[in-house]
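Okay, thanks everyone, I'll keep this short. Let me put the sequence and the model up on the screen, and then I'll walk you through it.

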Amino acid sequence: TIAKLHEIEVTTPEFDNVLRGRLMFENYKGFDVTVEHYEEPKKKKKKKKKGKAQKEDETGRNEEGEDGGEELVEPKLTTTEGKLVERDYEKEVTMINVKGRIVKIENDKIECVRLPKAKVEKGAK
């Protein structure tokens with residue numbers, strides 16, 4: 001008799017859950033995925049000062065050295081979770097279903113598309 005509790009973990013060697021290549025994207029359509037991608041934050045416009053006429057030169061800067069009212073902000077890495085709809089290589093977008101809404105993400109802004117970690121089944125310790 002076996003007196004100890006044993007745990008069996010089934011994994012695929014050297015598979016890091018990152019989708020690569022057309023075949024993998026085709027095979028995993030409809031699966032839950034996590035997409036790490038760069039997103040440009042919305043630009044904030046500065047309010048222009050009242051009463052002063054500001055002239056901008058050809059560089060887009062005004063007399064006070066400020067740019068045309070927009071701040072430059074670095075794109076930030078964002079995570080989007082949903083179901084993989086498809087990766088369109090002609091339009092260069094990946095489509096994800098997030099709560100019933102299709103989100104299109106440009107392929108060149110995607111860091112990686114990965115499958116979520118496996119969930120533990122009920123009853124397993």
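So, the lining of the second largest pocket: by class, that's five charged residues, two nonpolar and one polar. Keep in mind that this is a predicted model. The residues in question are His37, Tyr38, Glu39, Glu40, Lys104, Ile105, Glu106 and Lys109. Which elements give two or more residues to that lining? S1 and S4 do. As for volume, the pocket comes out at about 160 Å³.

Let me stay with a few of those lining residues. Glu40 sits in the loop that runs between S1 and S2. Buried, exposed, or partly exposed? Glu40 has a relative accessible area of 48%, so the label is partly exposed. Now look across at Lys109, another residue of the lining. Along the chain, Glu40 and Lys109 are 69 residues apart, and their C-alpha atoms are separated by 9.7 Å.

Then there's His37, also in the lining. Which side chain does the His37 side chain make a polar contact with? That would be Thr80, at 2.7 Å. Thr80 belongs to strand S2, and its relative accessibility is 15%, so Thr80 counts as buried. The cut-off there is under 20%.

And Tyr38, again from the pocket lining, stands opposite Leu77 in S2. That brings me to the sheet.

What's the strand order? Reading across, we have S4-S3-S2-S1-S5, five strands in an open sheet with antiparallel pairing. At the edges are S4, residues 101-106, and S5, residues 110-114; each has a single partner strand, so one side of each is left without a neighbour in the sheet. From one strand to the next, the twist averages 45 degrees. As a reminder, strands in a sheet pair through backbone hydrogen bonds.

Going into the pairs: S1, which covers residues 32-39, is joined to S2, residues 76-88, by eight bridges, and the two run antiparallel. Over on the other side, S3, residues 93-98, connects to S4 through six bridges, antiparallel again. One of the partner pairs there is Asn97 with Ile102 in S4. S3 and S4 make a hairpin, and there are two residues between them. If you zoom in on the turn, Lys99 has a positive phi of about 50 degrees.

Last stop, the inside. How many cavities of 30 Å³ or more does the structure hold? One. The space in the largest cavity is about 40 Å³. Its lining is made up of Arg22, Phe25, Glu26, Lys29, Glu86, Arg87 and Tyr89. Helix H1, residues 21-27, and strand S2 each supply at least two of those residues. Which one gives the largest share? H1, with three residues. And by class, this lining has five charged residues, two nonpolar and no polar ones.

So, to pull it together: an open five-strand antiparallel sheet, a pocket whose lining draws two or more residues from each of S1 and S4, and a cavity where H1 gives the largest share of the lining. If you want one thing to look at on the screen while we talk, take the Thr80 and His37 side chains and their polar contact. Okay, that's me done, over to you for questions.

How values were computed:
Residues numbered from 1 in each chain as written. Predicted model: local features only at pLDDT ≥ 70, side-chain atom pairs only at ≥ 80, totals over all residues. Heavy atoms only, no water. Pairing = 2+ DSSP bridges. Helix = DSSP H or I, 4+ residues; strand = E, 2+ residues; numbered from the N terminus. Axes fitted to C-alpha atoms, helices over the stretch in contact; angles between N-to-C directions. 1 Å grid on protein atoms, 1.4 Å probe; cavity = no way out; pocket = protein on both sides within 12 Å on 5 of 7 lines; lining within 4 Å. Points joined across faces, edges and corners; volume = space filled by probe spheres on them. Nonpolar A, V, L, I, M, F, W, Y, C, P; charged D, E, K, R; others polar. Buried < 20%, exposed > 50% of the residue type's maximum accessible area, 1.4 Å probe, protein only. Polar contact = N/O pair within 3.5 Å; in protein donor to acceptor, adjacent residues only side chain to side chain.
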